[in-house]
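I opened my notebook to look at how the parts of this protein meet. Here is what I looked up, entry by entry.

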Amino acid sequence: MKAFKAIALAGVFGMFATAGALAEDATDPIKIITNNWTSQLVLSNVVGQVLQSKGYNIEYKSSDTQLQYTALAAGDMDFQVEVWEGSQAESFDKAVAAGALDLGAHEAVTREDWWYPSYMNEMCPGLPDWKALNACAAKLATAETGTKGRFVGPPADWGKHYSERIQALKMDFQEVPVGQAATLWAELQAAYDRKEPVVLFNWTPNFIEAKFEGQFVEFPTYEPGCFTDPKWGSNPDAIYDCGAPAKGYLKKAGSKQLGEKWPMATEILKKVNFSNPQIAAAAAMVDVDGMTPEDAAKKWIETNPDSVKAWLQ
Ligand code: TMO
């Protein structure tokens, strides 16, 4: 009876949505997923704080970047603010097929791939072409990688298939994955200070672009067939013989129960929309200014009132 009343009221308040009005479940928490990179943590807190301001109960749950999609499909977690095409499309598509919600794309355009500082253009003529990088492998060799060039790769759960790419393209490289994002930036900073060659995983939007000059390596242009059809691309026996999407989407995902239990919150989450500069600025507040994601989110909301207003309309 109580539940029925709440749903009936949700319809009424939905038509005259006003600040503070809340007509759906405010006791059960909406579980927002957090991951292991900073823009995601700030954006999650922005969304969480906005929903809290409307009276919702919010819980943050950290999750593995691939396994989170199983949790979304099963309804164990409810919302993911950053679905990156380049690293999560395969897991995300499976979750949507299993009942999770595609809550639409941000205006942000994304890219995740191998990246190098611009001073390397002189050391390795022909960059950013991947073949020029490969010809330059010896300059990136380390004690750890022997005669092969070192590629500083992402944490394992980011799902990038780079060792497979190296094999598929027969490159003289070895991936050395980091355990956490901070190690990527430490490696970049150390090389950058001494103008030494380094090639590492990076993405955009990110705080890096405001602080370091560099470019993505250009691999064979991504097409979906590259990930599924061995015959696609230069290696007829292997998939992953291409780069990541250069103009990838950034989407939001929800659990099936999100739409059923919290229809008004779901409408807000569909409207949540971040741009490239907004995401880069969110990351910088943590990675450059040293703020906590919670405080950065508070500041982000204060400095972007028009965005928040548009989501709540
Ligand atoms: C998913 N990420 C933005 C870290 O590449």
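**Entry 1, salt bridges.** I started with charge pairing, and the rule finds 0 salt bridges across the interface of domain 1 and domain 2. I am noting here that this is a predicted model.

**Entry 2, polar contacts.** I then asked how many residue pairs are in polar contact across that interface. I got 8 residue pairs, both residues at pLDDT 80 or more.

**Entry 3, helices on the domain 1 side.** I checked which helices of domain 1 touch domain 2. Helix H4 (85-97) and helix H13 (276-287) each supply at least two residues of that side. The largest share comes from H13, with 6 residues.

**Entry 4, residue classes.** I sorted the side of domain 1 that touches domain 2 by class and found 8 nonpolar, 6 polar and 4 charged residues.

**Entry 5, where the domains run.** I went back to the bounds. Domain 1 covers 2-9 + 24-109 + 248-312 of the protein chain, while domain 2 covers 111-227. I found their C-alpha centres 30 Å apart.

**Entry 6, contact and buried area.** I looked up how many residues take part: 18 residues of domain 1 are in contact with 16 residues of domain 2. The area buried between the two domains is about 1500 Å², and carbon and sulfur atoms give 55% of that area. I also wanted to know which residues of domain 1 lose the most area to domain 2. They are Asn36, Trp84 and Glu90, together 30% of what the domain 1 side buries.

Key. Residues are numbered from 1 along each chain as its sequence is written. This is a predicted model: local features need pLDDT of at least 70, side-chain atom pairs count only at pLDDT 80 or more; totals for chains, interfaces and linings use all residues. Side-chain values use heavy atoms; hydrogens and water are left out. Domain bounds come from an automatic or database domain assignment. Contact means heavy atoms within 4.5 Å. Buried area is the accessible area (1.4 Å probe) that two parts lose on being put together, summed over both. A salt bridge is a side-chain nitrogen of Lys or Arg within 4 Å of a carboxyl oxygen of Asp or Glu. A polar contact is a pair of N or O atoms within 3.5 Å; within protein, one must be able to donate a hydrogen and the other to accept it, and residues adjacent in sequence count only if both atoms are side-chain atoms. Helices (H or I, at least four residues) and strands (E, at least two) are DSSP runs, numbered from the N terminus. Ala, Val, Leu, Ile, Met, Phe, Trp, Tyr, Cys and Pro count as nonpolar, Asp, Glu, Lys and Arg as charged, and the others, Gly among them, as polar.
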